[in-house]
Amino acid sequence: MNPNTMIPSHYQSHLVRPRGGGGSIGARALRNPGRRLSRSIVGGMVLSVLCFGACQLMAEEALIAIQAEGETAGKALLTHDSVTVPQEGLQRAPDLRSARGKTFNTGGFSPEAVSLEMAVTMEQFIELPFEVAPGIEVEALALDIAYDISETGPRGIEVRVSADGFETHQVLLTDDSVDPKGEKYMDEPLETPARLRGDRCALRIYAWGAASTRGTLDFEDMGANVSLALRGNVLSSAVD
């Protein structure tokens, strides 16, 4: 059977399956209109704004998809052939730690991080570094993600993306009232596409509002063993 048979058309082109990977990305549309996606830009990034309809009409491809469950949870399940993710996949900041569970679960969040600003200052984040091939620029158009928290886990998260090691960044998602029962977003276009290139790209998920260091943030299966995916277009060349 063609391994991409069950993958929607915007995921099929130019996919690379890392060694040991498997499965496919399902086509469920999961929405939560009560949260904010790509609301702000900081650090002077200049980006083109596309309307909702334009985003829906563009031919999006999977740039990165992260495995939800199993021994390799948190590692790249699929990548576009122009994008490289380190073998370890998702990485925790030094003060955070792995927590029990079949998905990529993280504990150690400080109760002192009571706001996004404190989370940034205290480096309460999970990061996914990646590289874009030389001469190529990618345009991220959508973020797909599923997560939940334990009873004492962080009540707020923000997902950011950067092309320069977070000297500048763009906000992709802010959720300041995480539902412990779970949050899922899929097929939600970013209000502002993010243009990314080079070897200093990364997604970063900040978290704050935990009641205890034993509280956890858990990335969950949104379908087909995928917990997080970045989708968009691959441009033919990067402009210096």
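1. In this predicted model, the largest nonpolar core holds 40 residues, and those touching the most other members are Phe-130, Ile-145, Tyr-147, Val-159, Leu-196 and Leu-217. Strand β11 gives the most to this core, with six residues.

2. Val-159 shows what such a position looks like. Leaving aside residues up to four places away in sequence, Val-159 touches Leu-143, Ile-145, Gln-170, Val-171, Leu-172, Leu-173, Leu-203, Arg-204 and Ile-205.

3. There is also a second core, separate from the one above and made of seven residues, among them Leu-116, Phe-125, Tyr-206 and Trp-208.

4. The count of aromatic pairs is three. One of them joins Phe-125 and Tyr-206, with ring centres 5.5 Å apart and 65° between the planes, an edge-to-face arrangement. Phe-125 belongs to strand β10 (residues 125–132) and Tyr-206 to strand β16 (residues 201–208), so this pair ties together parts that are 81 residues apart in sequence. Phe-125 and Tyr-206 are both buried.

5. Tyr-147 and Tyr-185 make a stacked pair, because their planes meet at 20° with the ring centres 6.3 Å apart. Distant parts of the chain are linked here: Tyr-147 is in strand β11 (residues 137–149) and Tyr-185 in strand β14 (residues 183–185), 38 residues apart. Tyr-147 and Tyr-185 are buried.

6. Which rings does Arg-204 lie over? One is Phe-125, whose ring centre is 4.0 Å away. The other is Phe-166, where the charged end of Arg-204 sits 4.0 Å from the ring centre. Arg-204 is also among the residues that Val-159 touches, and Phe-125 is the residue already noted in the second core.

Methods:
Residues are numbered from 1 along each chain as its sequence is written. This is a predicted model: local features need pLDDT of at least 70, side-chain atom pairs count only at pLDDT 80 or more; totals for chains, interfaces and linings use all residues. Side-chain values use heavy atoms; hydrogens and water are left out. Rings of Phe, Tyr and Trp (its six-membered ring) pair if their centres lie within 6.5 Å; planes under 30 degrees apart count as stacked, over 60 as edge-to-face and the rest as tilted. Helices (H or I, at least four residues) and strands (E, at least two) are DSSP runs, numbered from the N terminus. Buried means under 20% relative accessible area, exposed over 50%, partly exposed in between (1.4 Å probe, protein chains only). A charge sits over a ring if NZ of Lys or CZ of Arg is within 6 Å of the ring centre and within 35 degrees of the ring normal. A nonpolar core is a set of buried Ala, Val, Leu, Ile, Met, Phe, Trp, Tyr and Cys residues joined through side-chain atoms within 4.5 Å. Contact means heavy atoms within 4.5 Å.
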